[in-house]
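The exercises that follow are meant to be worked with the sequence and the 3D view side by side. Try each task before reading its solution.

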Amino acid sequence: MKTIYLPVLLLVSTVNLLTTMGFVSEFKEFISKGNVLDLAIGVIIGSAFGKIVTSLTDDIIMPILSVFTQGIDFKEKFFALNGQQYKDLKAAQDAKAAIVSYGNFLNAVIYFLIIAFVIFWVVKLANRFKRPQEVIAVADPLPTKDQALLMEIRDALRTRV
């Protein structure tokens, strides 16, 4: 019987927690902070940027690389762990063989390098347009009365010797 009441008790306490005004206002404050909104926008732009990089790699860079490698398609590079030979990657997958698709890994590495290179240039360009921060010289604060008195005592002791 106790196991039936426990989920009900958890549900009721969760509803009570969610309906508490403090929780709702705290959540509203968290969501309205600039950092959360900036992060959400960054994720959306990042996913769109990923599609651009995928297209750049698949449609431009990989065909150029295949010219230099005499038409080798990296996506089809694999080896079967069971020792058998398969005509292509699809045939190995259809046979449900354990395979290592190192070609897909190479593509992922190339995608990563392209993204890292583009982000490097975007940050470099953004830093060029950033205004240099003005250096504000902070004046030393005047000494307090206690410090001024101690300095006078120090100077008096120096001249006495």
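**Exercise 1.** Find Phe117 and Trp121 in helix α5, and work out how their rings are arranged.

*Solution.* Begin with the positions along the chain: Phe117 and Trp121 both belong to helix α5 and are four residues apart, about one turn of the helix. Next, take the geometry of the rings in this predicted model: the ring centres of Phe117 and Trp121 are 6.1 Å apart and the planes stand at 70°. Since an angle over 60 degrees counts as edge-to-face, the pair of Phe117 and Trp121 is edge-to-face. Then consider how open the two residues are: Phe117 has a relative accessible area of 51% and is therefore exposed, whereas Trp121, at 42%, counts as partly exposed. Finally, look for a further member, and you will find that ring pairs join Phe117, Phe120 and Trp121 into a cluster.

**Exercise 2.** Check whether the end-to-end distance of α5 agrees or disagrees with its 28 residues, and list the residues of α5 that are buried.

*Solution.* The expected span is 1.5 Å times one less than the number of residues, and for the 28 residues of α5 this comes to 40 Å. The end C-alpha atoms of α5 are 41 Å apart, which agrees with that expectation. For the second part, the cut-off for a buried residue is under 20% relative accessible area, and in α5 the buried residues are Gly103, Asn107, Ile110, Tyr111 and Ile114.

**Exercise 3.** Determine how many aromatic pairs the whole structure holds, and describe the one formed by Phe79 and Tyr102.

*Solution.* A search of the whole structure gives three aromatic pairs. In the pair of Phe79 and Tyr102, the ring centres are 6.2 Å apart and the planes meet at 35°, so the pair is tilted. This pair links distant parts of the chain, for Phe79 lies in strand β1 (residues 79–80) and Tyr102 in helix α5 (residues 102–129), 23 residues apart. As to accessibility, Phe79 is partly exposed with a value of 41%, and Tyr102, at 35%, counts as partly exposed too.

**Exercise 4.** Which residues make up the largest nonpolar core, and which residues does Phe78 touch beyond four places away in sequence?

*Solution.* The largest nonpolar core has six residues in all, namely Phe78, Ala80, Tyr86, Leu89, Ala92 and Ala97. Leaving aside residues up to four places away in sequence, Phe78 touches Tyr86, Asp88, Leu89, Ala92, Ile99, Val100, Ser101 and Tyr102. There is also a second, separate core of five residues, among them Val53, Met62, Phe74 and Ile114.

**Exercise 5.** Locate the salt bridges of the whole structure, and say for each partner whether it is exposed or partly exposed.

*Solution.* Side chains of opposite charge can pair when their charged atoms come close. The search of the whole structure finds two salt bridges. One of them joins Asp94 to Lys90, with the closest N and O atoms 3.4 Å apart; because these residues are four apart in helix α4 (residues 89–94), about one helical turn separates Asp94 from Lys90. Both Asp94 and Lys90 are exposed. The salt bridge between Arg154 and Asp155 has its closest N and O atoms 3.3 Å apart. Here Arg154 counts as partly exposed at 39% relative accessibility, and Asp155 is partly exposed at 37%.

**Exercise 6.** Place Asp58 and Ala98 in the chain, and find which residues each of them touches.

*Solution.* Asp58 lies in helix α3 (residues 34–68) and, at 25% relative accessibility, counts as partly exposed. Not counting residues up to four places away in sequence, Asp58 touches Pro63, Lys75 and Tyr111. With Tyr111 the sequence separation is 53 residues, while the C-alpha atoms of Asp58 and Tyr111 are 9.3 Å apart. Ala98, for its part, sits in the loop between α4 and β2 (99–100) and is partly exposed, with a relative accessible area of 45%. With the same exclusion of residues up to four places away, Ala98 touches Phe79, Ala80, Leu81 and Asn82. Of these partners, Leu81 is 17 residues from Ala98 along the chain, and the two C-alpha atoms are separated by 5.5 Å.

How values were computed:
Residues are numbered from 1 along each chain as its sequence is written. This is a predicted model: local features need pLDDT of at least 70, side-chain atom pairs count only at pLDDT 80 or more; totals for chains, interfaces and linings use all residues. Side-chain values use heavy atoms; hydrogens and water are left out. Helices (H or I, at least four residues) and strands (E, at least two) are DSSP runs, numbered from the N terminus. Buried means under 20% relative accessible area, exposed over 50%, partly exposed in between (1.4 Å probe, protein chains only). Contact means heavy atoms within 4.5 Å. A nonpolar core is a set of buried Ala, Val, Leu, Ile, Met, Phe, Trp, Tyr and Cys residues joined through side-chain atoms within 4.5 Å. A salt bridge is a side-chain nitrogen of Lys or Arg within 4 Å of a carboxyl oxygen of Asp or Glu. Rings of Phe, Tyr and Trp (its six-membered ring) pair if their centres lie within 6.5 Å; planes under 30 degrees apart count as stacked, over 60 as edge-to-face and the rest as tilted.
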